[in-house]
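Trainee: Could you take one part of this structure and look at it closely with me? I would like to see how it fits into the rest.

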Number of protein chains: 2
Amino acid sequence: MRYLKCLLPVFISIFWQPIFGQAFDEDVEIEYIKSIYENILVQSSSYDWLHYLCKNAGGRLGGSPEYAAAVAYTSHMLDTIGADSVWTQPVEVDYWRRGNVEKAKIINSKHLGTVELSVVALGFSPGTDPLGITAQIVEVKNFEELEALGEENVKGKIVFFNRPMEVTRLNTFHAYGAGVNQRTAGPRNASKLGAIGAIVRSMTVKYDNVPHSGATSFKDEKPIPAVAIGLKDADLLSKIIKKEPKTRVNIQLGCLHMGKRTSHTVIAEIKGTEKPGEIILVGGHLDSWDIGEGAHDDGAGVVQSMEVLHLFKRMGIRPKHTLRCVLFANEENGMFGAIEYARLAKANGEKHIAAIESDAGGHTPVGFRMDAENSIAKSSFAKVQQWRSIFSTLGVWDIQPGGSAADISRLKDQGTVLFGYRPDSQRYFDFHHSRNDIFENVHKRELLLGSGAMCALVYLIDKYGIK
Amino acid sequence: MRYLKCLLPVFISIFWQPIFGQAFDEDVEIEYIKSIYENILVQSSSYDWLHYLCKNAGGRLGGSPEYAAAVAYTSHMLDTIGADSVWTQPVEVDYWRRGNVEKAKIINSKHLGTVELSVVALGFSPGTDPLGITAQIVEVKNFEELEALGEENVKGKIVFFNRPMEVTRLNTFHAYGAGVNQRTAGPRNASKLGAIGAIVRSMTVKYDNVPHSGATSFKDEKPIPAVAIGLKDADLLSKIIKKEPKTRVNIQLGCLHMGKRTSHTVIAEIKGTEKPGEIILVGGHLDSWDIGEGAHDDGAGVVQSMEVLHLFKRMGIRPKHTLRCVLFANEENGMFGAIEYARLAKANGEKHIAAIESDAGGHTPVGFRMDAENSIAKSSFAKVQQWRSIFSTLGVWDIQPGGSAADISRLKDQGTVLFGYRPDSQRYFDFHHSRNDIFENVHKRELLLGSGAMCALVYLIDKYGIK
């Protein structure tokens, strides 16, 4: 007994680490992760990658030639940085093209005559014939108002959804979440009541006249021409309607649903040294809206994810688990890349222990959201809490349960612990889905610090596990 | 005894609040402070004030006519919003003018010929005669290298201080703090060894060619012409010197120390209802560098401070303590406004219980720094900790002891609890003291959220005290 007591500490010191995971020294990890940040801030190529992606591929909807150029470039760069393997995963996507004509105008206002409006077609809007559609416009703030109007007041008209995003929400993503259904479902609900077109107030909290696109979904309803309108023109249109309730608007759109095309999700990985069968995924979506350059949405997430692999290679960190970078196809217009990726992961018996997605812009990092609904995720969240003060040191203070990100969410039922990377939200919807989502609006340091936060999380999960 | 026991809870409930301050209900306060934020996000005029200040007064060094215009405008606006009283406090400042000529060039490089350099004069640099100064240039990274060169290698030459700001520091203010002495003291130390001019690598972590000004101080040394140079030109100059060690540079400056002028600190207050003799100060500095528009530095702090008073008026909050907004004169070129303000506060027996300064730009708020060195300040810091979760709800997560801000620091020996408001630091030194510090680089929501954080702190201090 005495003998045993004496040896117990020895046993513990020998077996503790292998049994319970590597011993955790917070100060040591803070210093190491700071060296990761320093490496990124000095050596990262990701800002240059983003420049190329924005300026040479540009706006890149799934199925487009621009998207194919983005696949070629990112695959090549992932190969260049020394990933163990790089491949692409084909997926059928709905290819929708904007076309050259995209106009709307108020017809013969008594006070202002003809007024051109700043609009962009919504994704999956049908086009019009060359003369466009012309009809009286009827304004609503929400679906209850639309229902109250009923078919008799909507049929043959153009419905104008004019509910502003709530500027009073501190986190603009919350404002977006609360308001975006007027874009995604507004035109469908208008069509259901016989409307022949829809105009939607743009989803932005910046007061300017730049229209913001995005997908709309008609499901089983008849597709009708649908556009987003800049905020200043939305307010002007609303004022004119109040004075002249019979105001008519003409909309001309050259957009076209092109049918199915093959796009590719880009995948690269560094094989794990100890648990090659367990995958830690980092990713974003490679497609973007065609107006603008898809810089924040989601070029930032793409190059931040690529940077994670590059950092591990540059610093010579051999991950224990397989580290995989996934650049999903077709997030904006159907999610088919994510759906196919998850399907194949399941079919091939792949085990993703954790997935981290960056799809909230390239601004200064503030935290992560964790999908922590089931019991595995809850225990993972508790584990991440132990790293809280490490992240605080890095300014990454806001780690909370609830939500993650769209593409990786498809892995949820495979037991993957899901993380959505979260940067500061204040500027994101200034650019989102608009012609202003360009490289020049991404700040280099902010972008790199986001990679830093993602690298830190991947490094900790790889070293200490996540369950 | 029984009687007493029975009455004890009654006594406590009656006297607890007056003795120990108002009862604190966190949820109630979170809701109320959210209503403050909502009011600001919808109703604030401060972004328009900043526009006027930047576009109509513009860059405004102490003593300049532009500064006088800023005094007139802000005084008028503070009066308009209904402050109980508005006044100005005269102060003698050193008036330095940049003049029209501001040039530097490399003379007859073998490889490149004459090369114009992107420079701006440092504040308090003397001018040159029309032909300028021309001398061989000698590069150093720090004062140790300068000392090692000694008078024999420095005399009659132009010293080029080329130490970069450390991009690896996550908080750019720390990088600035660690590097700025080459601007403030470099030219003086060069002069001490007989140099006839100085060129200083600009204090910025953004890699472009925009020079950043700022004050330099010669103390008892002979003033010599001193300029800041853009980073690209600094690197070019350094490369040329390595190839051609006898490289000569010409500097022409039209700047002039104009002597003493009277400037004014602008003060406005709302009298306290219960403790009018106890002042809570909010402020920033009204002067700015003359290049650019002083938008982030410190137009943002100016209008955020004005907004605190306006918010209290708009929401009909009558503060218990006197709430004073102070827009300090001459922070950039001597601190004379802050020194005079503190001198008069002491002379007049004014009691400032707390002071909150915004002088770190108009970006997304992250926290406050508290000067918590003495025992009073330590207990105040403990008090503020009780509000931590309120602030976290608002995204204001980083409340720490250590430092505050320059102007209010002069009140430290009067027992005032000092707070420096802190926004995100990543972009600040892209603009600081340069021609890029313009209105267009301030983001409306980020600016307003800063006012929100300051209002929240003032509201809590006013309601619950700070000691």
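**Where two domains touch**

Mentor: Let's start inside chain A, where 16 residues of domain 1 are in contact with 17 residues of domain 2. Being in contact is a matter of distance: the C-beta atoms of two residues, placed from the backbone, lie within 7 Å. Before going on, please keep in mind that this is a predicted model, in which local features need pLDDT of at least 70 and side-chain atom pairs count only at pLDDT 80 or more, while totals for chains, interfaces and linings use all residues. Residues are numbered from 1 along each chain as its sequence is written, and chains are lettered from A and ligands numbered from 1 in the order in which they are written.

Domain 1 of chain A covers 24-96 + 259-464, and domain 2 covers 99-254; such bounds come from an automatic or database domain assignment. Their C-alpha centres are 34 Å apart. On the side of domain 1 of chain A that touches domain 2, the most residues, 3, come from helix H14 (residues 428-431). Helices (H or I, at least four residues) and strands (E, at least two) are DSSP runs, numbered from the N terminus. Sorted by class, this side of domain 1 of chain A has 6 nonpolar, 7 polar and 3 charged residues. Here Ala, Val, Leu, Ile, Met, Phe, Trp, Tyr, Cys and Pro count as nonpolar, Asp, Glu, Lys and Arg as charged, and the others, Gly among them, as polar.

Now find A:Met203, in the loop between S7 and S8 of chain A. A:Met203 is buried, because 24 other C-beta atoms lie within 10 Å. The cut-offs are 20 or more other C-beta atoms within 10 Å of a residue's own for buried, 12 or fewer for exposed, and partly exposed in between, again with C-beta atoms placed from the backbone. Beyond its neighbours within four places in sequence, A:Met203 has contacts including A:Met165, A:Tyr176, A:His212 and A:Phe429.

From that loop, move on to strand S8 (residues 226-229) of chain A, which is covered on both faces: A:Ala226 and A:Ala228 on one side, A:Val227 and A:Ile229 on the other, are all buried. Strand S7 (residues 197-201) of chain A pairs with S8(A) in the parallel sense over 4 bridges, and strand S4 (residues 119-121) of chain A pairs with S8(A) in the antiparallel sense over 3 bridges. To count as a pair, two strands need at least two bridges found by DSSP. A:Val227 is a good place to see both pairings: A:Val227 is the bridge partner of A:Ile199 and also of A:Ala121.

Stepping back to the whole of chain A, you can count 15 helices and 16 strands. Of its 467 residues, 54% count as buried. Among contacts in chain A between residues at least 6 apart in sequence, 81% join residues at least 24 apart.

Finally, bring in the second chain: 18 residues from chain A and 18 residues from chain B make up the contact between them. Helix H2 (26-43) and helix H15 (444-464) of chain A each give two or more residues to the side that touches chain B, and the largest share, 4 residues, comes from H2(A). The copies meet through the same surface, because 100% of the interface residues of chain A are also interface residues in chain B.
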